[in-house]
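Open the model in your viewer and keep the selection tool ready. The stops below go from one chain to the next and end at a single residue.

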Amino acid sequence: MSTPLTINGSSLKMEDMNAVLAGEQITVNLVKPLHHNSKFSFQYEPEQSPFSGPQESLLDSLKDYVRYDGELLPAETGLLSLYLLLNHAVKYDDALSDEWVDRVLFFVNHRIEPCLHQANRTELSAMSELFLILHGEEELVCRYQGQLITVGDLFRETGLSKLSCTKQDTAFITSLCCVSTAMAVYTVSEAARLTKTADICVAMQLEAIRGETGAFDSRLHELGRPYTSQIEVADNVRRLISGSEFTTERGREAFGGDNGPRCQDAISIRAVPQTHGGVRDTVRWLKEQLDNEINAIPDQSNPLLGYLLDLLIIGLIDLGNISERRSFRLLDSKLSYGLPMNLVGENPGFNHGFPVIQASAAGILGEMKLLAIPNSAFAKYDPITKKYRCATFASSIKVLNAVALLNKILGIEMYMAAQGMDLAKAKLADFAFGAGSSEALRTFRNFVQTVKVNRFASPDMVAADKVVSEGVVLNAVENAIGQLR
Amino acid sequence: MKDTDFYIDGYSLTVEHIIKAGRGELGEVGLNAEARSRCQSSRSQIANWLGADAPVVYGVNTGLGNLKDTVLSPEEHLAWNKTIPYPHAVGVGQYLNPAITRASLLIRANVLSRGYSGVRPELIDRMLTIFNHGIAPAIRELGSTGLSDLGPLAHNAMVVSGLEDAEVFYKGNQLRAQACFEALGLEAEFPLECKEALAQMNGSTMTQAIAIFACHNMLQLLDIEQQIEGLLSREREIRIDSKDQINRAVERAFGLILNTVNFENNITCDNPLLFVVEDGYEAVMGCNCSNTQVGYTMDLLTILIADKANYVMEFINRLDEAEGGKLRAIREAASAAVGLVQTLSLPASADSIPTKANQEDHVEFSYGAARKAMKALGAYQSLLSYLFSAVIKIEAAHENDSKLKEVFPDLNVNRTAPSARLAAGLNHYLGEKFDLVPLTYS
């Protein structure tokens, strides 16, 4: 149990949010800001709220907006939404009645994570669902003590009772955009995992093809094109392959896959600091804005997060682009500097190797590219209400899909690079891999074995996907060589 | 204006500098003394690598790209420099705007002045001389991926070295570079030394030049929109939902774009780079020609324009509503402009196609992203001219033009002209008054 988190409307930090995401139980100490704005205290404006009917039909009106079916959003995002809700409510007098504030506090202090349904594809619907969960709508779902549980059972277990809802509470909660902000916070953390994992894939790839490491020389990045992100990636890769004998002139000569000096590898290898760096910047830009936005949840909509989420999706797709090309190179002996054609372990011709596995990365990438169309460019004004229909929420859902697909593309690269490492090692048994890349291989092999003969590909791919999405290899590598940047 | 001198040093060039220098507002542009000595120092190393027993250094004593394994003698290299830009100088379609290609010379001179590229300071002087004389390379618009603008930059190298087939724009005329130089009393030819062709062609400087003007146009258009909206009389003011949220979001996101483009002005983007070591310099190969962030931010810029366009369309719709449907023709054309911006929002950077026998197997398409942003800005300019004509028509109908005369005193258009013609006139007026730079030459 860590020290309580003070929530006063202005000092919430992304580190706090990340700690919540990491599963830490963080209790909240709510402190009204000294100069909170009673003057601008939230006023219920019936014409502004969709819930302007009679008090007794409020719940029904809310339910009109909420679907109860289909897939759930990550539970952490429901919990983060509650922290954001508190952080906003504390700024206003009487915006939210005490019993509602207490209810939200109870949820966060007991780490009860509302699980919202993906089918609720607007902020209003999602916030309505959040409201209904807090109220005690029995059929809805939370995660509590690691288990999914219906709100009905949860309330019986914890002794909570249904809250009555007033127009004021309803209007306040449903006017905020906590869920898309929470999703953006979650995305930043997922994207950080992916960018680091992609660096690990590159290190494994370099070992397999005995890559030229000059392109990762710190001077190129610190002096030549000094983007912080680019410097970080080059540094990660150098640390991962530190001590490697494969990625040396001696390794290349001993393996015998080159005709003369390598000079430079293909762009998908040597532009890694620049491309992975650019992708990291799309993450960093979102994160930097979130430092501010989590303390300034605007009413109704936040187009800025939508723009940056759309850009982040472009970055993730580009990470998929470059990863797929690296996987491709491993199939061809010429491009892989002498690895067996199609990475076949033994008896080529009879055994097929990886061509179809690699092609599936291309197929998934094609699917991923379809996500590139930016929702923000198609935001519109409702012709009847004249309200701006912000696209941020849609982008925040879409990015989950992009993350899920990229997990798979990187999983395939890791699967193939691991095979390449084993095949290289088979030829140069006395040579050593780098500190990080050897740990990556060792860990990956706990889940997926070297492919020597024809075997069912799908289970391996599913395992590789899981290894990436759960950060298994990443955690092992970071335990071995320290945190990646 | 020419007596103010402005020096480049590779570390401090901004969008604003480039725009002003292009207009001649900074006077003659020269190379900073410290940068000059940096360049001299790294260049001296190249001479050492031209000796008989020198190591193989890519681009100094080898061929380029897939021919990197072909070793060239210094003599062969000099002869080779006279032809090697030609097969790189790809390009089809219309000519790029000379304002853009000319700016690319300045940007590139700044990049080289960082001293990591190992070129003679004289080469930088030559580029600046051409820039200072208002000469612009004639370059066709299509043919670059953005992973190095090899095609456009090879044209620049042709012009700089005065190759026979090089063409330029000078004061609105297209002519042979050599003829232009001779007419102005400049050296017709400037033979490139070893590494100097590569050092000019490698990198994404034309994308950068386009991005510079995209930023400039965006800044102007944001200002124009405010000015046009301010023309409406108080009694006809219109309140659009989420206006402040959108403006704030666009402002902050555009801030990221501007920072990135400014940063990218002052980087080194060619190969190999020379770094100081104990006994001289070491050449290191990398891939700083990838300008990933520029492509991304240009895609982002189009997204911002699309959301602004969406807002302006709502503004026009509401005006029309208030005026009882008198602006239907304007709405018709305006919605087409919005549609155009929306289709342009498809990100270029999310795509990549392997090129050059799989050596360049990931490309940025940043060039396309920047071009697309310029097109979207053009469509947005057109949309604003429709908004402008709507506001003018409304205020004219109410016999109120005091604000118009105050804000745009030099505007001289027939306010009773048909909407489409009025909008065309306003589009032209805005372009001239605010120095909006189109992508291509017309």
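## Domains of chain B

Chain B falls into two domains, domain 1 (6–201) and domain 2 (207–433). Colour them separately, and keep in mind that this is a predicted model. Taken over C-alpha atoms, the centres of domain 1 of chain B and domain 2 of chain B are separated by 30 Å. Their contact involves 34 residues from domain 1 of chain B and 39 residues from domain 2 of chain B.

Next, select the domain 1 side of that contact. Two or more residues each come from α1 (15–23), α2 (33–48), α5 (98–112) and α9 (196–201) of chain B. Of these, α5(B) gives the most, with six residues. Colour this side by residue class: 15 of its residues are nonpolar, 17 are polar and two are charged.

## Domains of chain A

Move to chain A. Its domain 1 is written in two pieces, 5–32 + 49–176, and its domain 2 covers 185–481. The centres of domain 1 of chain A and domain 2 of chain A, taken over C-alpha atoms, are separated by 35 Å. Here the contact takes 21 residues from domain 1 of chain A and 14 residues from domain 2 of chain A.

On the domain 1 side, select α1 (14–21), α3 (75–89) and α5 (123–135) of chain A, each of which supplies at least two residues. The largest share, six residues, belongs to α3(A). By class, this side of domain 1 of chain A has nine nonpolar, nine polar and three charged residues.

## A sheet in chain A

Select the strands β3, β4 and β5 of chain A. They form an open sheet in the order β3-β4-β5, with antiparallel pairing. Which strands stand at the edges? They are β3 (113–115) and β5 (147–150) of chain A; each has a single partner strand, so one side of each is left without a neighbour in the sheet. On average, neighbouring strands of this sheet are turned by 35° against each other, direction ignored.

Now look at strand β4 (residues 141–144) of chain A, which pairs with β5(A) over four bridges in the antiparallel sense. For one of the residues to label, take A:Tyr144, whose bridge partner in β5(A) is A:Gln147. Then add helix α6 (residues 151–158) of chain A, which packs on the sheet and touches β4 and β5 of chain A. The direction of α6(A) makes about 95° with that of β5(A).

## Where the chains meet

Show both chains together. In the contact between them, 57 residues of chain A meet 50 residues of chain B. On the chain A side, the elements giving two or more residues are α9 (218–224), α12 (267–270), α13 (272–293), α14 (303–331) and β6 (380–381). The most come from α14(A), with 13 residues. This side of chain A divides into 28 nonpolar, 17 polar and twelve charged residues.

## Last stop: B:Cys287

Select B:Cys287, in the loop between β9 (280–284) and α12 (292–322) of chain B. Is this residue buried or exposed? B:Cys287 counts as buried because it has 27 C-beta neighbours inside 10 Å. Draw a distance from its C-alpha atom to that of B:Asp270, and the separation is 7.6 Å, although the two residues are 17 residues apart along the chain. Leaving aside neighbours within four places in sequence, B:Cys287 is in contact with A:Ala215, A:Ile267, A:Arg270, A:Ala271 and A:Gln274.

Methods. Residues are numbered from 1 along each chain as its sequence is written. Chains are lettered from A and ligands numbered from 1 in the order in which they are written. This is a predicted model: local features need pLDDT of at least 70, side-chain atom pairs count only at pLDDT 80 or more; totals for chains, interfaces and linings use all residues. Two residues are in contact if their C-beta atoms, placed from the backbone, lie within 7 Å. Ala, Val, Leu, Ile, Met, Phe, Trp, Tyr, Cys and Pro count as nonpolar, Asp, Glu, Lys and Arg as charged, and the others, Gly among them, as polar. Two strands pair if DSSP finds at least two bridges between them. Axes are lines fitted to C-alpha atoms, for helices over the stretch in contact, and angles run from 0 to 180 degrees between N-to-C directions. Domain bounds come from an automatic or database domain assignment. A residue is buried if 20 or more other C-beta atoms lie within 10 Å of its own, exposed if 12 or fewer, and partly exposed in between; C-beta atoms are placed from the backbone.
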